[in-house]
Amino acid sequence: MTSMQLPIILASTSPRRTQLLHQAGVAHDILSVEIDESWQDDESATDYISRMVNQKANQAIAKLAGNQDCLVITADTIGVLDDGTVLTKPINQADAYRMWDCLSGATHQIWTAVCVSRMSAGVQQREQICVCTEVDFVPLTESMKQRYWATGEPLDKAGAYAIQGGAMAWVSQIRGSYTNVVGLPLAQTVALIDKMQTDTTQD
């Protein structure tokens, strides 16, 4: 048995995901990947994010050309309303307000799929998890929405909010992983990383 650990590559340029991994003491390098994120007909939210993380993993491994023994982490996060409507990044202020009106005083779900691919001695193994968190918002007033929009923070966030930022004051309760809402279910991801690393220590 050996104690050697495979290096970890996060195939995402999300500063929130890399910050979470650093906070957990998980050293890693970053690799940028680009894929077609178009939605397929009759595809559920969970099917969509599962497909996304696998396509991102395939792209990352292709970029590495199989020349490096490592663990590759890919993730995709999406918000979903009770009626199945998916929360995307707002295209403008009106779009953000439309989403906030749906979130106001209601419960929505945040789903994140995480895939860890292991490349070792030319052999590839892959495991995936999908984590859901329920988030309750307080009723939102016009002044609350105006103040938050003025910060510029909602522009590049799914659902037009960041739970770790100004929208923290909008959340009355969460059920499930807080870090999942930020963008990476940290406890579950670290457990998956440890499992995949442990597999590499066997002769």
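Okay, a definition to start: helices here are DSSP runs of H or I, at least four residues long, numbered from the N terminus. Keep that handy, and keep in mind that what we're looking at is a predicted model.

Let's put the definition to work on helix 3. Asp95 and Arg98 join their side chains in a salt bridge, 2.7 Å from N to O. They sit 3 residues apart in helix 3, so about one helical turn separates them. Are these two buried or exposed? Well, buried means under 20% relative accessible area. Asp95 comes in at 12%, so it counts as buried, while Arg98, with 41%, is partly exposed.

Now the inside of the protein. The largest nonpolar core has 39 residues, and among those touching the most other members are Leu21, Ile73, Trp100 and Phe137. Helix 3, residues 93-103, gives this core its largest share, 5 residues. There's also a second core lying apart from that one, with 10 residues, including Ala45, Tyr48 and Ile78.

Stay with Ile73 for a moment. Leaving out residues up to four places away in sequence, Ile73 touches, among others, Ile8, Leu21, Val114 and Ile193.

Next, the largest pocket. It holds about 960 Å³ of space. Who's lining it? There are 36 lining residues, and nearest the centre are Arg16, Arg17, Asp76, Thr77 and Lys89. Strand 3 supplies the largest share of that lining, 5 residues. By type, the lining splits into 17 nonpolar, 10 polar and 9 charged residues.

You just heard Asp76 named at the pocket. Asp76 also has a salt bridge with Lys56, at 2.9 Å from N to O. Asp76 is in strand 3 and Lys56 is in helix 2, so this pair ties together parts that are 20 residues apart in sequence. Both partners are buried: Asp76 has a relative accessible area of 8%, and Lys56 has 10%.

What about Arg175, which salt bridge does it form? Its partner is Glu134, with the closest N and O atoms 2.8 Å apart. That one links distant parts of the chain, since Arg175 is in strand 7 and Glu134 in strand 6, 41 residues apart. Here both ends are partly exposed, Arg175 at 33% and Glu134 at 29%.

Last bit: the salt bridge count comes to 9. Asp101, Glu142 and Lys145 are linked up in a network of them.

Notes. Residues numbered from 1 in each chain as written. Predicted model: local features only at pLDDT ≥ 70, side-chain atom pairs only at ≥ 80, totals over all residues. Heavy atoms only, no water. Core = buried A, V, L, I, M, F, W, Y, C linked by side-chain atoms within 4.5 Å. Buried < 20%, exposed > 50% of the residue type's maximum accessible area, 1.4 Å probe, protein only. Helix = DSSP H or I, 4+ residues; strand = E, 2+ residues; numbered from the N terminus. Contact = heavy atoms within 4.5 Å. 1 Å grid on protein atoms, 1.4 Å probe; cavity = no way out; pocket = protein on both sides within 12 Å on 5 of 7 lines; lining within 4 Å. Points joined across faces, edges and corners; volume = space filled by probe spheres on them. Nonpolar A, V, L, I, M, F, W, Y, C, P; charged D, E, K, R; others polar. Salt bridge = Lys/Arg side-chain N within 4 Å of Asp/Glu carboxyl O.
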